[in-house]
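Q: Could you walk me through this one before I set anything up?

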Amino acid sequence: MTAHPPVTALSRAIADPRPVDGLPARSPLAGLDRRSLGFVDVLAQSVGAVAPSAAAATCPVLVAARAGSGTLLAFLLAAVLMALVAYAVNQFTRRMAATGSLYTFAARGLGVRAGFATSAAMLVGYGFVAMFALLGAAYYSLTLLSHASPGLAGSRGLVLLLLVGFGALCLLVLWRGIRLSTRVTLVIELLSIAAILVLIAVLLVRVPGSSFWNVALPRDVGLPQLAAGTTVAVTAFVGFESAATLGAESRRPFATIPRTIRWTVIAAGVLYLLSAYTQLAGFDALGGDLAGSDSPVNDLAARAGVEWIGLLLDAALACSFLACALASTTALARVLFSLGREGIAPRALGRTHRRFRTPHIALAVGLAAEVAVPAVLVASGMGAWQAMGVIVVCAAAGYMTAYALVCVATPFFLRRIGELTIGPAVAAGIAAAGLIAALGLDLWLEVSGTRWLAVVLLAAVAAIAAILYLLCRRRRADALGRIGLYDEPTTGDVLGGAP
């Protein structure tokens, strides 16, 4: 006699599901490759956008220029602040999957105006950091080439050629599918991180020992200097939230995205502290000033007798910046796609490629702008490194504005859905206050410094955003009312939803 498995409630529900009413037949974000990305793909997005290997090599010297011996403390404070921001952002990512990411969250918490302002800040953040990354990839590739041919150093024509070439390469990879682009990004960034860790290990072994407390404890550093250093250190973390732009494309968005955001901040913080300590300890042992070095790791390598590290470093940085450009453009295109789908931006931006299921028009428009702006700066006579300095200030201001608005929106959103508790409210409040203070200090320092052009660019972008908002209110009020679309279950996603 053949034994039959027992009939359970689950098997009966699968065999004869009850009809589910009220579900739409089509997601508001239909056209993207919904529910296709696993944890590794989503992780690659945030890791690539942060570009931790490039930040670990270049940010300690920038922080040291302002915080001096308080450099490690500045990185620690920045890590804590970003952890609080991640906690606030995850109050949304656990509850909705939104391609618009932060601006959708702000709109759900604070309304239309906050959502529009956050979308503008995100476009500035993602767009300018992608420009910075493309220019960085060109700059370090040229530096690498100049080892073989010193005459190439500083060639503006070659920088422009590399900039266009890297932009075209990014478009080719991103056009052909999200899984291809995330895996290329992850491989590049993992190799770059491995290279940075090798450099750190070699330097720690070859450089004479130094007292940990002599390096870690701040000396003769005032609160203004520490705050300024912390502000710069915060910029090393921006982009960690970009995984949220893949909410509609992730298989398990409510589990995968919060985990990715949390661990990206933690891992990046550990890497930055390790890299900053290595550089500080190296200069303390060998003499010299970290803040006065143009290329601290290369200088340390030369003093330690391992000049080959400089070549490895330049190659790793060029690769890391390219991965950052891929990830940041991915996020930028998703924001443009979402705005186009809502009708706030031209509707063509909300279209997807029939075969590859990517927002191909948004990708093309975004990359055109990402190549054009730095190309204009370089062609006008600005050096590549100087242009990168101006661009990164704009990117940081965009990110910090978007983060601050989302943190302010967090308690209002939780109260609206009846789930407000003291923990998220306090964390979001502290994070918002810290971000607003950091942004104000950063802009004040730049106005009185050599990168005042960045503040002029930001003022121009803010004025354009305000004009566009007024035009939308007058001509596209219905589209503004739709701001904040997010992915919803459809009839084909649940048992009993579709025949």
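The chat below goes through a helix, some aromatic pairs, two residues and a surface patch.

Q: What kind of model is this?
A: This is a predicted model, and side-chain atom pairs count only at pLDDT 80 or more.

Q: OK, helix 13 then: how many residues does it have, and how far does it reach?
A: Helix 13 covers residues 308–342, which is 35 residues, and from its first C-alpha to its last it reaches 52 Å, close to the 51 Å expected at 1.5 Å a residue.

Q: Is helix 13 mostly covered or mostly open?
A: It is mostly covered, with 29 of the 35 residues in helix 13 being buried. Just after helix 13 comes G343, which takes a positive phi of about 95°.

Q: Switching to rings: how many aromatic pairs does the structure hold?
A: There are 12 aromatic pairs in the structure. One of them joins F132 and F321, whose ring centres are 5.5 Å apart with the planes at 75°, so this pair is edge-to-face.

Q: Why does that pair tie together parts that are far apart in sequence?
A: Because F132 lies in helix 6 (residues 112–148) while F321 lies in helix 13, the pair ties together parts that are 189 residues apart in sequence. F132 counts as buried at 17% relative accessibility, and F321 counts as buried at 3%.

Q: And how are Y139 and W385 arranged?
A: Y139 and W385 form a tilted aromatic pair, 5.4 Å centre to centre with 40° between the planes. This pair also links distant parts of the chain, since Y139 is in helix 6 and W385 is in helix 15 (residues 384–416), 246 residues apart. Y139 is partly exposed, with a relative accessible area of 26%, and W385 is partly exposed at 42%.

Q: Which residues do ring pairs link into a cluster?
A: The cluster linked by ring pairs consists of F132, Y139, Y140, F321 and W385.

Q: New topic: T104, buried or exposed?
A: T104, which is placed in helix 5 (residues 102–110), has 0% relative accessibility and therefore counts as buried. Leaving aside neighbours within four places in sequence, T104 is in contact with M96, A98, G484, L485 and Y486.

Q: What about L77, where does it lie and what does it touch?
A: L77 lies in helix 4 (residues 71–93) and, not counting residues up to four places away in sequence, touches L226 and T230. At 38% relative accessibility, L77 counts as partly exposed.

Q: Last one: which residues make the nonpolar surface patch?
A: I464, I467, L468 and L471 make a nonpolar surface patch of about 350 Å², and I464 lies in helix 17 (residues 452–475).

Methods: Residues numbered from 1 in each chain as written. Predicted model: local features only at pLDDT ≥ 70, side-chain atom pairs only at ≥ 80, totals over all residues. Heavy atoms only, no water. Helix = DSSP H or I, 4+ residues; strand = E, 2+ residues; numbered from the N terminus. Expected span 1.5 Å × (residues − 1). Buried < 20%, exposed > 50% of the residue type's maximum accessible area, 1.4 Å probe, protein only. Contact = heavy atoms within 4.5 Å. Patch = residues over 30% accessible without salt bridge, like charges linked within 9 Å, V, L, I, M, F, W, Y side chains within 5 Å. Areas by Shrake-Rupley, 256 points an atom, 1.4 Å probe, with all protein chains shown as cover. Salt bridge = Lys/Arg side-chain N within 4 Å of Asp/Glu carboxyl O. Phe/Tyr/Trp six-rings, centres within 6.5 Å; stacked < 30°, edge-to-face > 60°.
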